[in-house]
Amino acid sequence: MSYSDFLDDIPLIPGMMRLLDHAELCKPANLARWVHQRLDDGLNVFDHADIYGDGECERIFGEALADSPELRQRVLVISKAGIVPAHRDQSQWATKHYRAEANYFTKAIDDSLSRLRVDQIHTFLIHRPDPLLEAHTLAQALETAVRAGKIRHIGVSNFLPEQWRWLERNTDLPLACNQSELSLSHTSPLFDGTLEAHLSDGLRWLAWSPLAGGALANSIPPRLLEAAKEETGLCSTGLAIAWLRQIPGAPVPVLGSMRESRIEAALQGARRELPTPLWFALLEAMRGNPVA
């Protein structure tokens, strides 16, 4: 079963990783209004993970949904688990590590549902490939959660093709997506076969850091940026998103910024198609050398 059309009508996904950086949005009523505004923009999918703010980002989002209960019927939530930060490790080693045991994920799904105050998580991702992963037992836990209606789809994050293929061989569930880095500043997956693996296996690419952490504005040569703005009307944010969406399979940007001006600029880019020479001019400028 192919999931190449997974979230096909979604131009971008607001990410909640930086929610705690916006004190005004940490108030449930304010965040609820912000979510309503995103719905008005045509954005109804929101990206979370259990380590974002040590669970606080999910909890605050859940409080916003409780403040405006009608939102529960309109929003779709992605969440992730599997990373234990060093400060959360209760062993004597106090080291960052991964967890992919079945019982760990079963609890992580229940905990996210509780914090988010939703009945179902639309897509639940394994946050990082774990070298100690027992794929068969983890797959059984995910299958149980799907059958119980706790999650609708499963996916992975930061997986390489053979890593996600090994998981797929141990479950009857299709993988919906892989969330991994892709941007004008990180283009190697376009040339090493990773893109084609996504397309061949029918996984939708959810691209994190599509704006390179906000660094792209100062990375595109000013002369090229001005010429591109004149031809397209897009700022650096819009250009970066338009460039990304033009890649086969139309990767969906997971936008880290929660600023409304940045979201609007990104949406403008998601609606535009760049001339092919400009697409390659941006690629060449960011790589520092032309294609072969």
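Start by selecting strands S8 and S9 (residues 204-208): the two pair in the parallel sense over five bridges. Keep in mind that this is a predicted model. For one rung of that pairing, click on Asn-178, whose bridge partner in S9 is Trp-205.

Now add helix H8 (residues 236-245), which packs on the sheet and touches both S9 and strand S10 (252-255). Look along H8 and S10 together: their directions make about 145°.

Next, widen the selection to the whole sheet. It is open and built from eight strands with parallel pairing, in the order S1-S10-S9-S8-S7-S6-S3-S2. Which strands stand at the edges? They are S1 (13-14) and S2 (45-47); each has a single partner strand, so one side of each is left without a neighbour in the sheet.

Return to S8 (175-181) and step back into the loop that links helix H5 (161-168) to this strand, where you will find Asn-170. A polar atom of the Asn-170 side chain lies 2.7 Å from the backbone oxygen of Trp-166. Farther away in sequence, show Ala-135, His-136, Ala-139 and Glu-143, which Asn-170 also touches.

For the last stop, select helix H2 (residues 56-67) and helix H3 (residues 102-116). Their axes are 6 Å apart and the helices pack at an angle of about 45°, which makes H2 oblique to H3. To see the contact, show Glu-58, Arg-59, Phe-61, Gly-62 and Leu-65 on H2, then Ser-112, Arg-115 and Leu-116 on H3. Colour this contact by class and you should find three nonpolar, two polar and three charged residues.

Note on methods:
Residues are numbered from 1 along each chain as its sequence is written. This is a predicted model: local features need pLDDT of at least 70, side-chain atom pairs count only at pLDDT 80 or more; totals for chains, interfaces and linings use all residues. Side-chain values use heavy atoms; hydrogens and water are left out. Helices (H or I, at least four residues) and strands (E, at least two) are DSSP runs, numbered from the N terminus. A polar contact is a pair of N or O atoms within 3.5 Å; within protein, one must be able to donate a hydrogen and the other to accept it, and residues adjacent in sequence count only if both atoms are side-chain atoms. Contact means heavy atoms within 4.5 Å. Axes are lines fitted to C-alpha atoms, for helices over the stretch in contact, and angles run from 0 to 180 degrees between N-to-C directions. Angles under 35 degrees count as roughly parallel, over 145 as roughly antiparallel, 65 to 115 as roughly perpendicular and the rest as oblique. Ala, Val, Leu, Ile, Met, Phe, Trp, Tyr, Cys and Pro count as nonpolar, Asp, Glu, Lys and Arg as charged, and the others, Gly among them, as polar. Two strands pair if DSSP finds at least two bridges between them. Lists of a residue's contacts leave out its neighbours within four places in sequence.
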